[in-house]
Amino acid sequence: MKPLRITLTAATAAVLAAGVALVGTGTAEAGERTTLQRDADALLKYGTPGVLVGVDTPGRDIKVRSGLGDVSARTPVPWNAKFRIGSFTKTFVAATVLQLVGEGKLSLDDPVERWLPGVVNANGNDGRAITVRQLLQHTSGLNEYLMDMPWLFSEQGFRDKRFTTVTAEEAVALAVQHPPLFPPGAGWEYSNTNYALAGMIIQKVTGRTWFDEVRERIIEPFGLKDTSAPYTESRIPRPHAVGYERFPGEGATEEDPKYGEFVDVTEQNPSWGGAAGAMVSTLDDGNRFLRLLLSGRVLKPAQLEEMRATVTPSEEFRENWPGARYGLGLVFVPNSCGGSWSHGGDVIGFQTRNGVTPDGRRSVMVSFNTHSFEPDEGVTPPRTDKSMELIDHALCSH
């Protein structure tokens, strides 16, 4: 796993973009394609090797790409690339829980203790006071287990443990070593621990793993043929881009991570993400899922309404997505045409962003083959999430 120095000149980027890349089914207006390509090209300056974008509508689909999917080979991201979707996994898991609710097998108001007795019962954390709903909307007050996995945030640590299996039970045990951040329901803080517990509850209710339930309830019946919910499989099915990561250097701070050079992190055991972030998908499948979900094909009306019932997230979260509100594994983000639903994902080596109109008629998926961005020299980082303008144009400018 040798560090890679990326030298993506403007000329190289232009050649790759021009060779590309404007692939769609049916005919699309040239202006829409041009805008999407321009927006994709513009994202390279924020420090990603490559980017792949897909827009789905009832009448046509459009894909564009820019930059490099494999730096060593100097090749673009494959059009049908599979990629790790990180926390977009949460939308699949929340939908699975809500299907179970619709079948009367559990309630959103059930306490965690009912299904997982004794699991959340230490240092002031009380599973009797936390509901399933609070897990899915991040209002439980539980700490983030990733903060107790420092090996994920250092190059040597990742090299040493990249194929280590982390169970949900182990992850939750790390989180409950710490006192709660706030009483259940009294605040909001994004925590992967919530979805580790949601995955455990799915298994307790059904007798089957969360990934088996997601596969049989969503992936297979809705024809998401290139989506998978791996547990410990370290390889991404081909074709795929190379996933790159910059790890923080000595003396790193949040303002200046002192990143090293890119490292190929494509292969890794995704179990540390589990029900919070282990899945793999594609532009086509991600868009299909979002459109089916918001058009009412995945959930019964009452459960879709619950999924779209939102709370105010933290100020930090809203700095990236101004005005955003968090539902159950689904985020409402205001935009120039009223707003869209989404759930992004960050995982070592990849980042996913997306959006779908409230009626499910139009959606967009964006995949980067890194999640550690370092803007080019002289480039000011955007004040909000870097994908917001592209997503707004994709959903509103037509």
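Biologist: How many residues sit between E3 and E4 in their hairpin?
Modeller: Four residues lie between E3 and E4 there. Strands and helices here are DSSP runs, numbered from the N terminus, with at least two residues for a strand (E) and at least four for a helix (H or I).

Biologist: Is this a predicted model or something else?
Modeller: This is a predicted model, where local features need pLDDT of at least 70, side-chain atom pairs count only at pLDDT 80 or more, and totals for chains, interfaces and linings use all residues. Residues are numbered from 1 along each chain as its sequence is written, and side-chain values use heavy atoms, leaving out hydrogens and water.

Biologist: In which sense do E3 and E4 pair?
Modeller: Antiparallel, over seven bridges. Strands pair if DSSP finds at least two bridges between them. Leucine 52 stands opposite arginine 65 in E4.

Biologist: And which residue in E16 is the bridge partner of valine 55?
Modeller: Valine 364. E3 and E16 (residues 363–368) run antiparallel, joined by six bridges.

Biologist: Why is E3 largely enclosed?
Modeller: Seven of the seven residues in E3 (residues 50–56) are buried, so the rest of the structure largely encloses E3. Buried means under 20% relative accessible area, with a 1.4 Å probe and protein chains only; exposed is over 50%, and partly exposed is in between.

Biologist: Switching to H3. How many of its residues are buried?
Modeller: 13 of the 14. H3 covers residues 89–102 and reaches 20 Å from its first C-alpha to its last, close to the 20 Å expected. That expected span is 1.5 Å times one less than the number of residues.

Biologist: What follows H3?
Modeller: Glycine 104, with a positive phi near 75°.
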